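Reader: I'd like a close look at one part of this protein, the nonpolar core. Could you walk me through what goes into that part and how the rest of the chain sits around it?

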Amino acid sequence: MLIPLLPLLAATAFTSPAIARALPADTPNSHVIHEKRDFAGSSGRWTKGGRVASHVKVPVRVGLKQSAEAMEKAERWLMEVSHPQSGKFGQHWTQDEIIEAFQPASDSVDAVMDWISKTASIPKQRITHTDNKAWLAFD
């Protein structure tokens with residue numbers, strides 16, 4: 001949806017000295033690293049270890065699909081606030097407005113919570129819905 005802006009974002013990333021210094025030297029100019037985890041002494045590959053002790057709680061996050069309707073309208077909304085001749089030019093959205101527009105449907109959230117509760121035997125009280133409405137989390 002936001003494809004027309006990608007060349008601009010890429011150009012900005014590679015013309016900014018601060019951003020350029022933050023990227024590893026082995027990153028091709030056509031790529032941007034959004035997240036990287038370094039594990040000391042690790043090749044970055046999974047290795048099989050022993051079983052986790054039964055008393056250990058493992059944090060789990062389940063990503064939820066954003067509103068399909070909002071995703072279809074996203075480019076139009078962006079252009080409305082970005083184009084100087086638009087009546088909504090400069091009327092940028094607040095974080096709450098963005099969360100509200102893109103949050104998953106409540107029936108989808110309920111279905112995923114039910115699935116987690118039934119298949120993993122996780123009580124619904126232990127499942128949290130993140131503030132940005134994009135994740136369900138539990139330990």
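Author: Let's start from the outside: the accessible surface of the protein comes to about 11,400 Å², and carbon and sulfur atoms hold 56% of that. This is a predicted model, with an average pLDDT of 80 and 75% of the residues scoring at least 70. Keep an eye on residues 1-23, though, where pLDDT stays under 50 and the model has 16 contacts beyond four places in sequence.

As for the layout, you've got five helices and three strands, running α-α-β-α-α-α-β-β along the sequence. Of the contacts between residues at least 6 apart in sequence, 52% join residues at least 24 apart. Buried residues account for 15% of the 139 residues.

Now for the part you asked about. The largest nonpolar core has eight residues: Leu64, Val109, Met113, Ile116, Ile122, Ile127, Leu136 and Phe138. Two elements, helix H5 (106-120) and strand E3 (135-138), each give two or more residues to this core. H5 supplies the largest share, with three residues. As a rule, nonpolar side chains in soluble globular proteins tend to be buried together.

Zoom in on Ile116, one of the core residues. Skipping neighbours within four places in sequence, Ile116 is in contact with Val62, Ser121, Ile122, Ile127, Leu136 and Phe138. Among those partners, Ile122, Ile127, Leu136 and Phe138 are core members too.

Not every nonpolar side chain is tucked away like that. Val52, Val56 and Val58 make a nonpolar patch on the surface, together offering about 250 Å² of accessible area. Val56 sits in the loop between helix H2 (17-22) and strand E1 (60-63), and it counts as partly exposed because its relative accessibility is 41%, which falls between the 20% and 50% cut-offs.

Move along to the loop between E1 and helix H3 (68-82) and you'll find Ser67. Ser67 is buried because its relative accessible area, 18%, is under the 20% cut-off. Leaving out residues up to four places away in sequence, Ser67 touches Ala101, Phe102, Gln103 and Pro104.

One last stop is Gln95, in helix H4 (residues 95-102). Gln95 is exposed, with a relative accessible area of 61%. From Gln95 to Asn132 is 37 residues in sequence and 8.9 Å in space, C-alpha to C-alpha.

Terms used: Residues numbered from 1 in each chain as written. Heavy atoms only, no water. Patch = residues over 30% accessible without salt bridge, like charges linked within 9 Å, V, L, I, M, F, W, Y side chains within 5 Å. Areas by Shrake-Rupley, 256 points an atom, 1.4 Å probe, with all protein chains shown as cover. Salt bridge = Lys/Arg side-chain N within 4 Å of Asp/Glu carboxyl O. Helix = DSSP H or I, 4+ residues; strand = E, 2+ residues; numbered from the N terminus. Buried < 20%, exposed > 50% of the residue type's maximum accessible area, 1.4 Å probe, protein only. Contact = heavy atoms within 4.5 Å. Core = buried A, V, L, I, M, F, W, Y, C linked by side-chain atoms within 4.5 Å. pLDDT = per-residue confidence, 0-100.
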